[in-house]
Amino acid sequence: MAKSKFEYVRYFEQESKCLKNCWIVVRIDGKNFHRFTEAHEFEKPNDTNGLNLMTNAAVNVLREFSDINFAFGHSDEFSFVFKKKSNIFNRRSDKILSLVNSIFSSSYVFFWNKYFPNKELMYAPAFDARIVLYPTDQNLRDYLSWRQADVHVNNLYNTCFWALVLKMGLSPVEAEEKLRGTLSRDKNELLYQNFNINYNNEPEMFRKGTTLVRKCISWEGSAKHKPVILPLYCDIIKDDFWKSHPEILDQSETPLIDKLNLTHYFVCEQKNFKM
């Protein structure tokens with residue numbers, strides 16, 4: 001581009017870079033999704049299609065950024081973990097944040113008809129996003145544990161709340177009053193005694209959120225490997241998960257797993273994809 005007398009304005013731009021040797025986490029949250037889910041008549045307390053739509057949008061982000069080796073989401077939020085050694089966009093926070101958020105948001109709209117073929121999107125959803133840096137592996141694990149603990153607290157409350165409203169006929173105000181001050185054991189007892197619901201038998205996707213990890217599977221009758229993104233519904237707080245997937249923290253080569261053991265996965269099919 002030819003130089004001009006106006007080019008000096010570029011010097012007003014300020015770059016903000018993520019500190020090296022830190023895990024970069026981008027967390028996306030739906031803006032006013034309570035109103036959005038009401039307007040689009042999502043099932044309560046959990047809409048499976050809505051959750052799968054969030055997951056598909058998140059998978060699209062992982063397909064775009066090979067430096068993201070882990071993601072966790074529930075309800076209207078998703079956290080994306082970039083490799084600690086990543087130098088994507090020279091670790092420019094504004095570039096990382098804006099692209100992750102825009103790809104996720106546009107994917108949510110793009111895939112809407114796939115999950116809600118008979119429901120018109122009434123208005124564009126919005127998501128806010130932030131970047132947080134975690135210097136140690138334990139800091140990262142504690143952050144992810146906090147988000148999964150939030151899944152349990154919120155989902156147990158919502159399961160009770162909507163059972164009281166939809167099945168017992170209480171008003172929202174009455175349901176809130178009945179649940180005020182109750183502990184987890186009280187809510188579990190309420191569900192079992194009044195609605196014959198054993199909370200531990202509720203789908204794990206609702207109780208534990210969705211975890212996305214990268215794996216490789218072998219092609220049938222070929223020595224070639226296919227990179228995939230695998231959704232898991234499991235406990236990520238205990239050590240067992242991290243021992244089973246050590247490549248996440250040590251950022252080693254993506255492991256090869258048996259395709260026959262997979263029931264559902266997303267192929268990393270975009271051009272020039274790198275694991």
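In this predicted model, helix α2 is mostly covered, with 12 of its 17 residues buried. The helix runs from residue 48 to residue 64. Its first and last C-alpha atoms are 25 Å apart, close to the 24 Å expected at 1.5 Å a residue. The buried set opens with Gly-50, Leu-51 and Leu-53. Met-54, Thr-55, Asn-56, Ala-57, Ala-58 and Val-59 are buried as well. Val-61, Leu-62 and Arg-63 complete the list. Both hydrophobic and polar side chains are therefore represented, Asn-56 and Arg-63 being among the buried residues under the 20% accessibility cut-off. The N-terminal end of α2 is capped by Asp-47. A side-chain oxygen of Asp-47 lies 3.1 Å from the backbone nitrogen of Asn-49.

Helix α7 spans residues 184-195 and has 12 residues. From first C-alpha to last, α7 reaches 16 Å, close to the 16 Å expected at 1.5 Å a residue. Four residues named in α7 are buried: Lys-187, Leu-190, Leu-191 and Phe-195. These residues lie on the same side of α7, because they cover an arc of only 95° around the axis. Arg-185 and Gln-193 are exposed on the other side of α7.

The packing partners of α7 are two other helices. Its buried residues pack against α5, residues 137-166, and against α6, residues 172-179. Just after α7 comes Asn-196, with a positive phi of about 55°.

Methods:
Residues numbered from 1 in each chain as written. Predicted model: local features only at pLDDT ≥ 70, side-chain atom pairs only at ≥ 80, totals over all residues. Heavy atoms only, no water. Expected span 1.5 Å × (residues − 1). Buried < 20%, exposed > 50% of the residue type's maximum accessible area, 1.4 Å probe, protein only. Arc of directions from axis to C-beta. Contact = heavy atoms within 4.5 Å. Polar contact = N/O pair within 3.5 Å; in protein donor to acceptor, adjacent residues only side chain to side chain.
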